[in-house]
Amino acid sequence: MPLVNGGKIVDDSFVKLAVDTPLPEGGDILVPAERFLGDAEAFLARAGKVGVIWPNNRDIDELVPFLGRLAAVALVFPTFRDGRAYSQARLLRERFNYRGEVRATGQVLRDQFVFMLRAGFDAFDVKKQADAEAFMQTAKRYSVFYQPTGDGRITALHRRMQLRHSEGVGT
């Protein structure tokens, strides 16, 4: 599956481990939540980056003690109609100030890319190359938004206020 990160199609350095896959000695790994929580310190002590595949029906608070040491959190969309991972992404970015990769995985549809970006996702596992290319175009299409969200972009109102201030208007 193609991975889109930072608005570009990139090679995925992470190897996805199943619950019973032997643990490689080194390299970047994405570990299922259940397996990670069973022996988090062992995963975090090994060489390579560690990420967690976090299901949308699991409380994100369980992950908080480890966020500072995780390179990625892959949030799962089991169906396109299930939006709980949007809330998890916002919590990671806004409440817990997580700055690592927040990856959307599962049923990631191209008409939801902008919403996912706005919620704080910055990487996307997509099923088809055409979706990856469409995402790159979508990510470039919008540069200003009205609503504040977890993606770190300033809103249209704040941008206007910055321009007025820099021009000396209203001072």
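The following legends describe close-up views of a predicted model.

**View 1. Strand β5 between its two parallel neighbours.** Strand β5 covers residues 50-54, and 5 of its 5 residues are buried, so the strand is largely enclosed by the rest of the structure. Both faces are covered, with Val50, Val52 and Trp54 buried on one side and Gly51 and Ile53 buried on the other. β5 pairs with β4 in the parallel sense over 4 bridges, and within this pairing Leu30 stands opposite Gly51. Strand β6, residues 72-77, also runs parallel to β5 and is joined to it by 4 bridges; here the bridge partner of Ile53 is Ala74.

**View 2. The nonpolar cores.** In soluble globular proteins, nonpolar side chains tend to be buried together. The largest nonpolar core of this model has 37 residues, of which Phe36, Leu63, Leu70, Val73, Leu75, Phe121 and Phe124 touch the most other members. A second, separate core holds 5 residues, including Phe14, Leu30, Ala72 and Ala74. Two of the residues named in this second core also appear in the strand pairings of View 1, where Leu30 stands opposite Gly51 of β5 and Ala74 of β6 is the bridge partner of Ile53.

**View 3. The surroundings of Phe121.** Leaving aside residues up to four places away in sequence, Phe121 touches Leu75, Phe77, Ala85, Tyr86, Ala89, Val102, Arg103, Ala104 and Met116. One of these contacts, Leu75, is listed together with Phe121 among the residues that touch the most other members of the largest core. Another, Arg103, takes part in a salt bridge with Glu101, which is taken up in View 5.

**View 4. Aromatic rings around Phe77 and Tyr86.** The model contains 7 aromatic pairs. In one of them, the ring centres of Phe77 and Tyr86 lie 5.2 Å apart and the ring planes meet at 75°, so the pair is classed as edge-to-face. Phe77 and Tyr86 are both buried. Ring pairs link these two residues with Phe113, Phe121 and Phe124 into a cluster, and two members of that cluster, Phe121 and Phe124, are also named among the residues of the largest core that touch the most other members.

**View 5. A buried salt bridge and the network around it.** Side chains of opposite charge can pair when their charged atoms come close. The count for this model comes to 9 salt bridges, and one of them joins the side chains of Arg103 and Glu101 at 2.8 Å from N to O. Both of these residues are buried. Salt bridges that share partners join Asp12, Lys16, Glu101, Arg103 and Asp125 into one network.

**View 6. A salt bridge within helix α3, and the loop that follows.** Arg90 forms a salt bridge with Glu94, with the closest N and O atoms 2.6 Å apart. Both residues belong to helix α3, residues 84-95, and because they are 4 residues apart they are separated by about one helical turn. Arg90 is partly exposed, at a relative accessible area of 33%, and Glu94 is likewise partly exposed, at 42%. Asn97 lies in the loop between α3 and β7, the latter spanning residues 101-106; its phi is near 55°, a positive value in a residue other than glycine.

**View 7. Arg58 between an acidic partner and an aromatic ring.** The side chain of Arg58 meets that of Glu62 in a salt bridge of 3.0 Å, N to O. The charged end of Arg58 also sits over the ring of Trp54, 5.6 Å from its centre. Arg58 is partly exposed, with a relative accessible area of 27%, and Glu62 is partly exposed as well, at 33%, whereas Trp54 is one of the buried residues of β5. A further arginine placed over a ring is Arg81, which lies over the face of Phe80 at 5.5 Å from the ring centre.

**View 8. Leu23 in the loop between β3 and β4.** Leu23 is found in the loop that connects β3 (14-16) with β4 (28-32), and at 38% relative accessibility Leu23 counts as partly exposed. Apart from residues up to four places away in sequence, Leu23 touches Leu17, Ile29, Arg35, Phe43 and Arg46. Leu23 and Arg46 are 23 residues apart along the chain, and their C-alpha atoms are separated by 9.8 Å.

Notes
Residues numbered from 1 in each chain as written. Predicted model: local features only at pLDDT ≥ 70, side-chain atom pairs only at ≥ 80, totals over all residues. Heavy atoms only, no water. Salt bridge = Lys/Arg side-chain N within 4 Å of Asp/Glu carboxyl O. Buried < 20%, exposed > 50% of the residue type's maximum accessible area, 1.4 Å probe, protein only. Core = buried A, V, L, I, M, F, W, Y, C linked by side-chain atoms within 4.5 Å. Contact = heavy atoms within 4.5 Å. Pairing = 2+ DSSP bridges. Phe/Tyr/Trp six-rings, centres within 6.5 Å; stacked < 30°, edge-to-face > 60°. Lys NZ or Arg CZ within 6 Å of the ring centre and 35° of its normal.
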